[in-house]
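Work through the exercises below with the model open beside you. Try each task before you read its solution.

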Amino acid sequence: MAYDSANNRMIVQGTTNTSISINGGATWSNGGALNTSHAIRDIVYANGVYSGVGGTSTTGPFGVYSNNNGSSWTTTNLPYPGSTSRQWNSIAFGQGKFVSVSAGRGATRTNVAGYSNDGLNWTASTMPHPHPNPNPIHP
């Protein structure tokens, strides 16, 4: 769920659609379609933009889904070094940057971090895998 405190607006993501509240959660309505067949796993609001990440572990490409009002959405590809069949698990915002992570699965166990200044254009890089658990970021 993402919350815009200046406008008292909340958005909750579903698999392919959103729900919106414009009164701090007292009532809800259907939001915009996310223009994707991939599940959105997490969403955040910052700098006037709602940005979400998701996907499934068997289909691609994976992306970040962003807009500025919650009623219409644009699909933006989020790069994934070495594979297009992974999912992005979570997103956060801090110190002027959106940040997303994706835990590696299977034999390669490649963990990836992505970052963006605007929630729309992303850069990704691999992270070390210091833990024996094949999915240390998102158990």
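The exercises go from the whole chain to its sheets, then to single side chains.

This is a predicted model, in which local features need pLDDT of at least 70, side-chain atom pairs count only at pLDDT 80 or more, and totals for chains, interfaces and linings use all residues. Residues are numbered from 1 along each chain as its sequence is written, and side-chain values use heavy atoms, with hydrogens and water left out.

**Exercise 1. The whole chain**

Task: Find how many helices and strands the chain has, and describe its burial and surface.

Solution:
- Step 1. Helices (H or I, at least four residues) and strands (E, at least two) are DSSP runs, numbered from the N terminus. The chain has zero helices and 12 strands.
- Step 2. Buried means under 20% relative accessible area, exposed over 50%, and partly exposed in between (1.4 Å probe, protein chains only). Of the 139 residues in the chain, 42% are buried.
- Step 3. About 6,800 Å² of the chain is exposed, and carbon and sulfur atoms supply 51% of that area. Such areas come from the Shrake-Rupley method with a 1.4 Å probe; for residues, only the protein chains shown count as cover.

**Exercise 2. The sheet with β1**

Task: Give the order of the strands from β1 to β4 and say which stand at the edges.

Solution:
- Step 1. Two strands pair if DSSP finds at least two bridges between them. The order is β1-β2-β3-β4, an open sheet with antiparallel pairing.
- Step 2. β1 (2-4) and β4 (29-33) are the edges. Each has a single partner strand, so one side of each lacks a neighbour in the sheet.
- Step 3. From one strand to the next, the twist averages 25 degrees. Axes here are lines fitted to C-alpha atoms, for helices over the stretch in contact, and angles run from 0 to 180 degrees between N-to-C directions.
- Step 4. β1 pairs with β2 (residues 9-13) over three bridges. Alanine 2 stands opposite isoleucine 11 in β2.

**Exercise 3. The sheet with β9**

Task: Do the same for the strands from β9 to β12.

Solution:
- Step 1. These four strands form an open antiparallel sheet, ordered β9-β10-β11-β12.
- Step 2. β9 (90-94) and β12 (123-127) each have a single partner strand, so one side of each is left without a neighbour in the sheet.
- Step 3. β10 (residues 97-102) and β11 (residues 111-116) pair in the antiparallel sense over five bridges. Phenylalanine 98 stands opposite serine 116 in β11.

**Exercise 4. Aromatic pairs**

Task: Classify each aromatic pair, and say which rings are buried or partly exposed.

Solution:
- Step 1. Rings of Phe, Tyr and Trp (its six-membered ring) pair if their centres lie within 6.5 Å; planes under 30 degrees apart count as stacked, over 60 as edge-to-face and the rest as tilted. The count is two aromatic pairs.
- Step 2. Tyrosine 45 and tyrosine 50 make a tilted pair, 4.6 Å centre to centre with 50 degrees between the planes. Tyrosine 45 is partly exposed at 22%; tyrosine 50 is buried at 1%.
- Step 3. Phenylalanine 93 and phenylalanine 98 make an edge-to-face pair, 4.8 Å centre to centre with 65 degrees between the planes. Phenylalanine 93 is partly exposed at 29%; phenylalanine 98 is buried at 0%.

**Exercise 5. A buried serine**

Task: Locate serine 51 and find what its side chain reaches.

Solution:
- Step 1. Serine 51 lies in strand β6 (residues 49-54). Its relative accessible area is 0%, so serine 51 is buried.
- Step 2. A polar contact is a pair of N or O atoms within 3.5 Å; within protein, one must be able to donate a hydrogen and the other to accept it, and residues adjacent in sequence count only if both atoms are side-chain atoms. The serine 51 side chain reaches the backbone oxygen of glycine 119 at 3.2 Å.
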